[in-house]
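Biologist: Could you take me closely through one pair of packed helices, and explain each term as you go?

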Amino acid sequence: MTRRVDVHPTPDALAEAAAALLLTRLAAAQAERGSASLALTGGRTGIAVLERVRDSPARSSVDWSAVDIYWGDERFLPAGDPERNETQARAALLDHIPVDPARVHPMPPSDGDFGDDPDAAAAAYAAVVEGKLAFDVHLVGVGEEGHTLSVFPDSPAVHETERTVVAVRDCPKPPPTRVSLTLTAARQSREVWLMTTGANKAEPVAAALAGASEVDIPAAGARGKDLTLWLLDTDAAAGRRNG
Ligand SMILES: O=C1O[C@H](COP(=O)(O)O)[C@@H](O)[C@H](O)[C@H]1O
């Protein structure tokens with residue numbers, strides 16, 4: 001497995017570069033295997049990257065009808081809630097490109113088939129991703145306390161080694177109830193891209209890059225089988241000692 005750290009001067013430059021890289025990577029996967037798979041994240045940086053993909057003149061280099069789209073985590077809220085990662089991703093990108101609706105796999109909302117039961121929603125999503133977890137690219141964010149996906153420091157989710165998808169309760173960052181892939185699941189991805197910006201991320205980024213325990217800094221445990229790519233702006237990269 002290769003680890004690479006790319007540092008960009010500003011959040012905008014990062015979003016632009018990540019979008020270009022993502023288009024290249026998805027097109028390459030399609031050239032190799034006929035289709036590509038992508039797991040999306042929420043958060044400021046993740047959504048900014050999707051907006052850049054939407055606005056890129058190169059976006060048609062990808063056959064969007066042959067991309068399977070999943071989410072790494074979701075805020076467990078009613079369908080269409082503006083805080084849902086799905087709602088934001090649709091507005092930023094998915095509503096603007098010719099995806100195949102049957103290949104877009106959002107996590108269940110809290111008013112869907114599983115009602116207000118995040119455990120049932122998590123079990124259902126585990127069935128959706130079973131055998132599909134070798135995502136070509138898995139985009140994740142990093143929280144200021146070191147969370148990634150919706151796996152928070154020293155939470156039940158970070159200790160989970162069997163299940164691929166779990167319900168998450170009492171999150172320190174609102175909304176408190178979520179559904180998330182586990183680190184064990186994320187590590188089946190071909191590539192994991194950790195994307196974050198801002199001085200408030202410098203500490204967890206530095207700790208993760210220095211080899212912190214994933215229990216303390218879950219982002220430290222997000223790795224791809226082929227590549228772990230950190231995409232940072234200068235502020236988020238400021239605390240690291242070396243690449
Ligand atoms: O709540 C969440 O936050 C993280 C990071 O978000 P950011 O705005 O600080 O970049 C995100 O990765 C995760 O998907 C989301 O649910």
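Modeller: In this model α1 passes α2 in a right-handed crossing, where right-handed means that the near helix is turned clockwise from the far one by less than a right angle, and left-handed that it is turned anticlockwise. Helices here are DSSP runs of H or I with at least four residues, strands are runs of E with at least two, and both are numbered from the N terminus. The model is predicted, so local features need pLDDT of at least 70 and side-chain atom pairs count only at pLDDT 80 or more, while totals for chains, interfaces and linings use all residues. Residues are numbered from 1 along each chain as its sequence is written.

The axes of α1 (residues 11-33) and α2 (residues 44-55) come within 8 Å and cross at roughly 60°; axes are lines fitted to C-alpha atoms, for helices over the stretch in contact, with angles from 0 to 180 degrees between N-to-C directions. That angle makes α1 oblique to α2, since under 35 degrees counts as roughly parallel, over 145 as roughly antiparallel, 65 to 115 as roughly perpendicular and the rest as oblique.

Among the residues that meet, α1 offers Ala 15, Leu 22 and Leu 23, and α2 offers Ala 48 and Val 49, contact meaning C-beta atoms, placed from the backbone, within 7 Å. By class, this contact has nine nonpolar, one polar and two charged residues, where Ala, Val, Leu, Ile, Met, Phe, Trp, Tyr, Cys and Pro count as nonpolar, Asp, Glu, Lys and Arg as charged, and the others, Gly among them, as polar. Helix α2 also supplies three residues, the largest share, to the shell around the ligand.

Technical notes. Contact = placed C-beta atoms within 7 Å.
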